[in-house]
Amino acid sequence: MTKPKTFNFDTLSLHAGQRPDPSTGARATPIYQTASFMFRDTDHAASLFNIERAGHVYSRISNPTTAVLEERIAALEGGVGAIATASGQAATHLAIATLMGAGSHIVSSQSIYGGTHNLLEYTLPRFGIDTTFVNPSDIDAIRAAIRPHTRLVFGETLGNPGLDVLDIPRVAAVAHASGLPLLVDATFTTPYLSKPFELGADVIVHSATKFLSGHGVVIGGLLVDSGTFDWEASGKFPTLTEPYVGFHDLDFVEEFGPAAFITRARKEGARDFGACMSANTAFLILQGMETLPIRMQRHVENTRRVAAFLDEHEAVEWVAYPELPGHPGHALAKQLLPRGCGAVLSFGVKGGRMAGQRFIEKLEVFSHLANVGDAKSLVIHPASTTHHRMDARALEAAGISEGLVRMSVGLEDVGDLIEDIARGLRASQKG
Amino acid sequence: MELLIDGKVAYVGTGSREISSMRESVVFVHGAGQNHTIWVLPARHFVRKAFNVLSIDLPGHGRSAGPCVSSIEQMADWIAEVLRVAGLARAAVIGHSMGSLVALATAARHPDRVRSLAMVGVSVPMPVSEALLVTSAANEHAALEMLTFWGHSSTAHLGGNPTPGMWMLGCGLRLLEESGDGVVHTDLRACNEYRAGLEHATQVKCPTLLILGERDAMTPVRATHALGRAIPDVETLVFPGSGHALLSERPDPVLDALMRIV
């Protein structure tokens, strides 16, 4: 029987969303560095504002360059559409603000990026949105944390920085049983290593700053809609299922069907919150995504070698990387992440915080900075940087010890990386 | 808006506007396994232009109660009944794919109800491949993939959606996935078994527009020639490069064309 065919992942990484520019023949995606777009006449203007025609009005809401990026990530994730945002944080905020308002509640994994923890723990409560943090491996705890006014379950495909593997199928099942969507931050895995929609997630956010762009030159985020969640059946999302007075009583689900969420996020969230991505940033992320498959392969290969080296080193107390048999998420990772567990790992240096600092300061190839997913190898001490706002209990819950070092393994020669690490570890033990 | 047709709920998207017998009306009919949401852009346009818009969900589709209707002729009669129950004498009737056959049959069987006709992505006959019939009969996901992948031009498989940020294949597939078991198969069988198309074409009394995609692999342009010859008052537009999913691939040209006939 004829098997329906379409293009495969590697081809989509290079091409999805873009055709050669019809007016110039430019092969690369042009950077449409413009704030606004001309209307043909007044009726054309009215039709664009009223969502009767496809097209662009103002680059805060959409732009031809960012649209290519949005379409590409939607294609790679298998979603219906996406919105590019000013940062990964902006994407997470846009998702939440589209789904709920004051009086709502979120159930979140406790093993998440420190910035997202700040947003959920300290900032959103000022706007009436509270969060209960749970161990992402404890399915019963997730279920128990859901309240009548819960509107979202949130986790990271690989928790930051302990690399907890999110059991997306089981967490999604718990969320869906309560009429809730599962929002997944897939920054550490990218669609090359994990396809959260295929596992049951409903919405995805990425910090495109990381592996998607891959070169540490931009800040950007992406919000992707699977189009699968049944907002109407849930009955908990009036922003999507009831007339919106801010857009002439538009009922997004009734008119846009599977594209309801992403359409509301653009027509309200991008319009009103305004955390848009610039065309130039989108271009740079697109450049990175062209090589995403081959970069991720090399990232994973290098990380496996580094993890194995660390795991056997006498100056290292422990290593958290799900591909190592001792990691609590090892079996789940083999099932959900068959292509690899990414390029971020964490470990503890014998001697605690001071030893960790000596290690970091001795490194020459690794760059000491707050980021992951660069082509260059990076290192940081989360307890004093990315997660410094978390108190001791929250740090412990997130698996962040005082001496924990987080590494993002880059694309350098892995022998050079291991030599650099060995040098740092020797120094760490000379205190 | 919900109407009761033969005691069953029929959903009609009106753009949140009251229907008035004082205004001209437009009826949109979706394709196999789909629902009214495929018409969102033109529907919103004609609402703004003060038309009554009736984006219908055929029985068993979207928000309309089932079961599905199993023949194109029955669907056409159902459309005429929707107009009657809505209190509207006549309307421009616009269909896509299977919906275009329904529109054609409505114009032929209820000529007093149809003041103009537009068929988007149409061929008469509209034979359906054995692979599609077999897989859809078994409710296999492969049937939805075939409809989606064959329904878009090869260039659309790489995207370039005129609607910013939307992935055409994902949107098309997701909409079909919302259909219940048996819906796609019932629709495809109705298309495959519709034999009266050319006879119906000769009975059309209203101005008619055919909107075709040059790269349409499901209802190729060449399969439309006989239809074009049979309809007395017809204009044919062929959009270069487009596949069968004209509403996704060429939304603005389709709207511009519809404005001429509505």
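Start in chain B of this predicted model. Select strands β6 (residues 114-120) and β7 (residues 208-213) of chain B: they run parallel, joined by 4 bridges. Now pick B:L117; its bridge partner in β7(B) is B:T208.

Widen the selection to the sheet. It is open, has 8 strands, and mixes its pairing. Trace the order in chain B: β1-β2-β4-β3-β5-β6-β7-β8. At the edges stand β1 (2-5) and β8 (234-239) of chain B. Each has a single partner strand, so one side of each is left without a neighbour in the sheet. Look along the sheet for the twist, which averages 25 degrees from one strand to the next.

Next, add the helices that pack on this sheet. Show α1(B), which touches β2 (8-13), β3 (25-29) and β4 (52-56) of chain B. The direction of α1(B) makes about 160 degrees with that of β4(B). Then show α3 (residues 98-109) of chain B, touching β3, β5 (91-96) and β6 of chain B. Here the angle between α3(B) and β5(B) is about 150 degrees.

Now turn to the interface. Select the 36 residues of chain B in contact with 43 residues of chain A. On the chain B side, α1 (40-48), α5 (141-151), α6 (168-177) and α11 (251-261) each supply at least two residues. Colour that side by class: 17 nonpolar, 13 polar and 6 charged residues.

Last stop: helix α17 (residues 352-362) of chain A. Which of its residues are buried? Select A:A355, A:G356 and A:F359. Down the axis of α17(A), the buried residues fall within an arc of 100 degrees, so they line one face of the helix. Their cover includes β9 (344-349), β12 (404-408) and α19 (414-428) of chain A.

Conventions. Residues are numbered from 1 along each chain as its sequence is written. Chains are lettered from A and ligands numbered from 1 in the order in which they are written. This is a predicted model: local features need pLDDT of at least 70, side-chain atom pairs count only at pLDDT 80 or more; totals for chains, interfaces and linings use all residues. A residue is buried if 20 or more other C-beta atoms lie within 10 Å of its own, exposed if 12 or fewer, and partly exposed in between; C-beta atoms are placed from the backbone. The arc is that of the directions from the helix axis to the C-beta atoms. Two residues are in contact if their C-beta atoms, placed from the backbone, lie within 7 Å. Ala, Val, Leu, Ile, Met, Phe, Trp, Tyr, Cys and Pro count as nonpolar, Asp, Glu, Lys and Arg as charged, and the others, Gly among them, as polar. Two strands pair if DSSP finds at least two bridges between them. Axes are lines fitted to C-alpha atoms, for helices over the stretch in contact, and angles run from 0 to 180 degrees between N-to-C directions.
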